[in-house]
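Got a minute to walk through a model together? Have a look at the sequence and the fold first.

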Amino acid sequence: MAIEMENPTDRLPKRKLIEVSLPLEAINDASSGERPFRKGHPLTLHYWWARRPLSAARAMLFAQLVDDPSSHPDLFPTEQDQRRERERLHALLVSLVQRGADHDHAILEAAAEEIAKSAAPLSPPAIVDPFSGSGCISLEAQRLGLEAWGSDLNPVAVLIGRALVETPPKFVGASPVFPGLADGRIGNWDGAKGIAADVGAYGDWMRDEAFRRIGDSYPLAMLDGGGKATVIGWIWARAVTCPNPACGIEMPLVRSWWLGKKKGRASWVRPLIVADQDHPSGRRVEFEIGHGREGAPSPDEDGTVARSGATCIACGSAVTLAYIRAEGRAGRLSSNLMAIVAEGDRERVYLPPSSEQRTAADVERPTTAPEASIPPQAPSFRVQAYGMNRWADLFTNRQLLALTTFSDLVVDVRERVLEDALTAGMPLGGRLEEGGIGAAAYADAIATYLGLTVSKCCDFWCSICSWNIPNEQLRTVFSRQALPMNWDFVEAMPFQPRRVDLPDI
């Protein structure tokens, strides 16, 4: 009797596309060209260090789940047949990583069909990312129609991931509840457009309400010709008392006097020593704005502080960093307004500080400022050596006023959303953390997104922000993965002119 032997190759796992070949050049080009901070990109939701290209995550998931044609000799018996099928899959993969593919339903559905075909007769496997970070892999798995799970030890990462992956599907197709926003557009709120519209509308309400409460602390700039302009930012210089007993002036610590170096529009700060009988030294430093290259600071004269220490602008004494650090720890590190950056006609307008602007910035420290301590040995954190031991120390009083005001409004806006959602006919339901999908969960979701927005503002409204001279724009705190000491810093206007009409105050 003949016995049919089992073919050992039948027990071998199927080879996946990623094990044989990939259109790596196309994937690399798409990944390198992906801009994580373009409008509409999911990673703009909140800053996260380990940013992974979404196109690469999408490609790798597809290539790991789709069988290589060599795994199906019954369908593709010859190498030529396998190569032809592989080229077809490569073409689909290339289209899958191109910009705009993340919203192209035809391409995503075609990719999902290939994944389901390879998994048949079973369902496609669930994707589990145990170190999910901001949730890029989980998000792309969800786009491909897969069940996705993610986890992380960092609570910020968990919150970002849940807001990015878990919350939007709960409210797919829901109309916005902000009064009047859905009028005339019934049935046009596919996907998460409804909740996105509400986030924008209630965010606008928060902005307007915040301006009503604290707008008088952000006056318009007076131009030389008598007009007014919206302030983009205020440039400050930290200062310490000169240790020379014969001087004692409050010496500014400035990295660079330059404000902008663009051709034909060069601008810089000119420091002046003037008499002041109210100051113990009898003198103080004032600042003017210089334009053009004539009289501009040379490389040897640019700034007063470097890695090795500082130089007093009045007497020329060398001041050690050890002295500056000791003054900072003693609470004697002050700040002086050095220049104002205003919005001009397609250019920056630099103005000298005025008494009105100084007075507006002189606000009391909010009683609700975050008083938690900064870890003393945090890697790449250098501010503790200068007396900045609490998180609130990283902000000016006016920045703390803005951040605490917006934070308080997140609580207020949740109550408004809940009331509007119930009025729109949405059932109350459970809270978002309980898996609810009604009005209570919807209000939690809107508050979560706006809370993340306020958190993101800390990267822009902080005294560690600096002025990017070549581009003439603000450089955020986390332009690199560190928290260094910053001498001359930028205080940004929290009410941008393109989003709100500022009254004449």
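What follows is a short chat about rings, one charge and a few backbone angles.

Visitor: Before the details, what kind of model is this, and which pLDDT do side-chain atom pairs need?

Guide: It's a predicted model, where local features need pLDDT of at least 70, totals for chains, interfaces and linings use all residues, and side-chain atom pairs count only at pLDDT 80 or more. Residues are numbered from 1 along each chain as its sequence is written, and side-chain values use heavy atoms, with hydrogens and water left out.

Visitor: How many aromatic pairs does a search of the whole structure find?

Guide: Rings of Phe, Tyr and Trp (its six-membered ring) pair if their centres lie within 6.5 Å; planes under 30 degrees apart are stacked, over 60 edge-to-face, and the rest tilted. Searching the whole structure that way, the count comes to eleven.

Visitor: Take F211 and F495: which geometry does that pair have?

Guide: The centres sit 5.0 Å apart and the planes make an angle of 85°. Planes over 60 degrees apart get one label, so F211 and F495 are edge-to-face.

Visitor: How many residues apart are F211 and F495 along the chain?

Guide: Helices (H or I, at least four residues) and strands (E, at least two) are DSSP runs numbered from the N terminus. F211 is in helix 8 (residues 193–214), while F495 is in the segment after strand 17 (488–492). The pair links distant parts of the chain, with a separation of 284 residues.

Visitor: Is F495 buried or exposed?

Guide: Buried means under 20% relative accessible area, exposed over 50%, and partly exposed in between (1.4 Å probe, protein chains only). F495 has a relative accessible area of 0%, so F495 is buried.

Visitor: Which residues do ring pairs link into a cluster with F495?

Guide: Y218 is one of them: its ring and that of F495 have centres 5.7 Å apart and planes at 80°, so that pair is edge-to-face. Linked by ring pairs, the cluster holds F495 together with F211, Y218, W234, F406 and W461.

Visitor: Which residue lies over the face of W234?

Guide: A charge sits over a ring if NZ of Lys or CZ of Arg is within 6 Å of the ring centre and within 35 degrees of the ring normal. At 4.1 Å from the ring centre of W234, the residue is R398.

Visitor: And E472, what is its phi?

Guide: E472 lies in the loop between strand 15 (466–468) and strand 16 (473–475), and counts as buried at 3% relative accessibility. Although E472 is not a glycine, its phi is positive, about 55°.
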